[in-house]
Amino acid sequence: MSESNAHPRRLIGWLVFLLPLISYLAFLGSYPLFDVDEGAFSEATREMFERGDFLSTYLDGEHRFDKPILIYWLQALAYLVLGPSEWAFRLPSALAAIGWSYATWQFARERFGVQTALAALLVVSTAIGPFAIGRAATADALLNLWLALALFDAWRHLESGRRAPLLRTYVWIGLGVLTKGPIAIILPIAVTFLFCASRRQWRTWLKAISDPIGWVLLVVLVVPWYAAALGIHGQKFIDGFILKHNVKRFTGTLEGHAGSMFYYVLAVPLLLLPWTGPLFAACRQIRKDLATGVRRYLWIWAAFVVVFFSLSGTKLPHYALYGATPLFLLIAAHRFDHGRTWAHAIPPTVLFALFVIAPPLLGFLAESDAGNAFYRAQLSRAMDLADWPYYAVTLGALGLWLALLSSKATGTWRKMAFAAVLQVVVLTSTVVPYLGEVLQGPVRDAGLAARALGEPAVRLRFDAPSFSVYAQSPTPSRVPEAGGLVITRIDRVPETGFDTVFAEGGVVLLRKRVE
């Protein structure tokens, strides 16, 4: 390579290397918290400070056993530094996603080389699924970090027999159990078992899962908080966390999140947008990959996650991301094994077009009979909030993409890389802040209005925990007292006995009259 070509290539390499910082930190606090999950995690963290209790989590004054403690502790640290802001609540997830990205890069660098490592880093930093959870105040990005580290180090042990990566695997599993529970144990054990079984390396697997020092590390990390939670809450903790949010989540449908057996077969390509075309291209190489140790391991990892969660009664799209890390690596490894450019170009083209037409589409839904009156009222502001910068950015992005697509001077992989980076720029700067204002702006504004009044409120058939975050007060669900504030939906306002204090979109803040 000539020196004149080396400098631009080195610059591009550095820009790609810094991409996770931009993808996961840019405009992180520029839109309201999304309900229900972001609001619930954030309010539970805020109530830790209000109650002075950092061992248990509560939401609007009620026990919250959905997840273990680690994500709340990390959010609490950010809260101490930045205060009760969107930035603070989302920062642990953003940092976890950045760590996840660089862990993937390092693993690829060791196994596939520098250029493939940069390609893998590009994919994990721009795919829409990681982008979503890496910028959300939930536990999912953190769990994905621990799972990636655990399964990367498990491979390092299987490959070399060294004990250090095996002991690190136990540490990552322990942190995963503190983040989301037993799934952090199930995935590494199952994936390594299936790989070793495919090689008839039974003794290797049995020896790895029975390391005494590893188990000591795991127990030291996990047992203290779980023992404290059990001691404090007793049977409520068993019923709430173990039985409801783990056993029932797998064996039954929790909170209405059902789906067919093919749910994740459809979800994975969508979660990897705009890399759907390269994903299908990589899938065509499965048979050849199974002859290579590390690639076989990666396909087993991805396949197990899809099959395991397809058997689960409760289905949520982000569960598939537990098996996305190996797909990032395989897409990068097969980046030149692509078919026709037009097939790869369809998903990003459709996505950029959807960005442009989102406001009129949401406005149309607001005027239709779709959904219920609350959501139609929320969407009724969509056209008003879409100002000229929104259309300038989204139309400009679509135009740039179509112009590049028509060029014959750029190869398919570089076109996809451009689409992915452009997607991140448009989402972070324009589309996500816009959707946040449409869907959550009224809840935030109602919470700020209640805070300005200096009065606590109660909820009336309305589940929007971010209201409590912005109101800086728990909002229990109970019958309001005379003269008290009530937050509810526009389609659930009582016919008599209340005066409107605040109304925006589908959100209404009421005061009960004193009779």
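This passage describes a sheet, its salt bridges and several backbone features in a predicted model.

The sheet is open and contains four strands in the order E3-E4-E6-E5, with mixed pairing. Its edges are formed by strand E3, residues 457-459, and strand E5, residues 498-504, each of which pairs on one side only. On average, and with direction ignored, neighbouring strands of the sheet are turned by 30° against each other. The pairing of E3 with strand E4, residues 485-489, is parallel and extends over three bridges. Within this pairing, Ala 457 stands opposite Leu 485 of E4. Helix H22, which spans residues 412-453, lies across E4, E5 and strand E6 (507-512). The helix runs at about 130° to E5.

The whole structure holds 19 salt bridges. One of them involves the edge strand E3: the side chains of Arg 459 and Asp 60 meet with an N to O distance of 3.4 Å. Arg 459 belongs to E3, whereas Asp 60 is located in the loop between strand E1 (58-59) and strand E2 (62-63), so the salt bridge ties together parts that are 399 residues apart in sequence. Both Arg 459 and Asp 60 are buried.

A second salt bridge is formed by Asp 153 and Arg 168, with 2.8 Å between the closest N and O atoms. Since Asp 153 is part of helix H7 (residues 140-160) and Arg 168 is part of helix H8 (residues 163-180), the pair ties together parts that are 15 residues apart in sequence. Asp 153 counts as buried because its relative accessibility is 3%. Arg 168 has a relative accessible area of 33% and is therefore partly exposed. Asp 153 and Arg 168 also belong to a network of salt bridges, in which they are linked with Glu 110, Arg 111, Arg 156 and Glu 159.

Helix H8 contributes to a further salt bridge through Arg 163. The side chain of Arg 163 meets that of Asp 211 at 2.9 Å, N to O. This pair links distant parts of the chain, with Arg 163 in helix H8 and Asp 211 in the loop between helix H10 (202-209) and helix H11 (212-233), 48 residues apart. Arg 163 has 40% relative accessibility and so counts as partly exposed. Asp 211, by contrast, is buried, with a relative accessible area of 7%.

Another buried position is Ser 101, which is found in helix H4, residues 86-112. The relative accessible area of Ser 101 is 0%, and the residue is therefore classed as buried. When residues up to four places away in sequence are not counted, Ser 101 touches Pro 20, Tyr 24, Leu 121, Val 124 and Ser 125.

Cis peptide bonds were examined next. Asp 35 and Val 36 are joined by a cis peptide bond with omega of about 15°. Val 36 is situated in the loop between helix H1 (3-25) and helix H2 (37-51). Leu 273 and Pro 274 are likewise joined by a cis peptide bond, with omega of about 5°. Pro 274 is in the loop between helix H13 (263-271) and helix H14 (276-283).

Positive phi values in residues other than glycine were also considered. Arg 200 is not a glycine, yet its phi is positive, at about 55°. This residue is placed in the loop between helix H9 (183-198) and H10. Arg 200 has a relative accessible area of 68% and is therefore exposed. Gln 472, also a residue other than glycine, has a positive phi near 60°. Gln 472 occurs in the loop between helix H23 (466-471) and E4. With 22% relative accessibility, Gln 472 counts as partly exposed, because the buried class is limited to values under 20%.

Methods:
Residues numbered from 1 in each chain as written. Predicted model: local features only at pLDDT ≥ 70, side-chain atom pairs only at ≥ 80, totals over all residues. Heavy atoms only, no water. Pairing = 2+ DSSP bridges. Helix = DSSP H or I, 4+ residues; strand = E, 2+ residues; numbered from the N terminus. Axes fitted to C-alpha atoms, helices over the stretch in contact; angles between N-to-C directions. Contact = heavy atoms within 4.5 Å. Salt bridge = Lys/Arg side-chain N within 4 Å of Asp/Glu carboxyl O. Buried < 20%, exposed > 50% of the residue type's maximum accessible area, 1.4 Å probe, protein only.
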